Amino acid sequence: MTRVRRGYIARRRRTKIRLFASTFRGAHSRLTRTITQQKMRALVSTHRDRGRQKRDFRRLWITRINAVTRGDKVSYSYSRLIHDLYKRQLLLNRKILAQIAILNRNCLYMISNEIIK
């Protein structure tokens, strides 16, 4: 019986998976079965952590705004600041407020004083 040469489709699929896992360590980048397992695990982690990253950044922004608003000049709580911003229809999101709080505190003090009036 003559030797049969196999097709290239399976090899192409495996090399594509290997390229994905080329930066993994040890057998996770060399053995096909562990590569597929680690690829699935990595994709699950990235999907999960995309939402978690949004949550974490929002918490960080809230913490920064709260730290500055409870300072010396404002003596104002975060929740009251956000409530009054919405009442005055000043549409500043938490990311921008946190950047203002860190880079230019006087500007945040001016915003809070305008809200109080």
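**A walk from α5 to R18**

Let's start with how far to trust what's on screen: across the protein, confidence bottoms out in α5, with a mean of 85, and peaks in α2, at 95. This is a predicted model, and its mean pLDDT is 91, with 97% of the residues at 70 or more. Keep in mind that where pLDDT is low, the predicted coordinates should not be read in detail.

Now zoom in on α5 itself. This helix covers residues 105-116, twelve residues in total. From first C-alpha to last it reaches 17 Å, close to the 16 Å you'd expect at 1.5 Å a residue. Looking down the axis of α5, its buried residues sit within an arc of 160°, so they line one face of the helix. Which residues of α5 are buried? They are L108, Y109, I111, S112 and I115. The spacing fits a general rule: an α-helix has 3.6 residues a turn, so residues three or four places apart point the same way. As for what that buried set packs against, the partners are α2 (32-69), α3 (78-87) and α4 (94-103).

Next, hop over to R18, which belongs to helix α1 (residues 9-20). Is R18 buried or exposed? Neither, really: R18 has a relative accessible area of 33%, so it counts as partly exposed, since buried means under 20% and exposed over 50%. Setting aside neighbours within four places in sequence, R18 touches S29, R30, T32 and I35. For a sense of scale, try R18 against L103: the two are 85 residues apart in sequence, and their C-alphas are 45 Å apart in space.

How values were computed: Residues are numbered from 1 along each chain as its sequence is written. This is a predicted model: local features need pLDDT of at least 70, side-chain atom pairs count only at pLDDT 80 or more; totals for chains, interfaces and linings use all residues. Side-chain values use heavy atoms; hydrogens and water are left out. Helices (H or I, at least four residues) and strands (E, at least two) are DSSP runs, numbered from the N terminus. The expected span of a helix is 1.5 Å times one less than its number of residues. Buried means under 20% relative accessible area, exposed over 50%, partly exposed in between (1.4 Å probe, protein chains only). The arc is that of the directions from the helix axis to the C-beta atoms. Contact means heavy atoms within 4.5 Å. pLDDT is the predictor's confidence in each residue, from 0 to 100.
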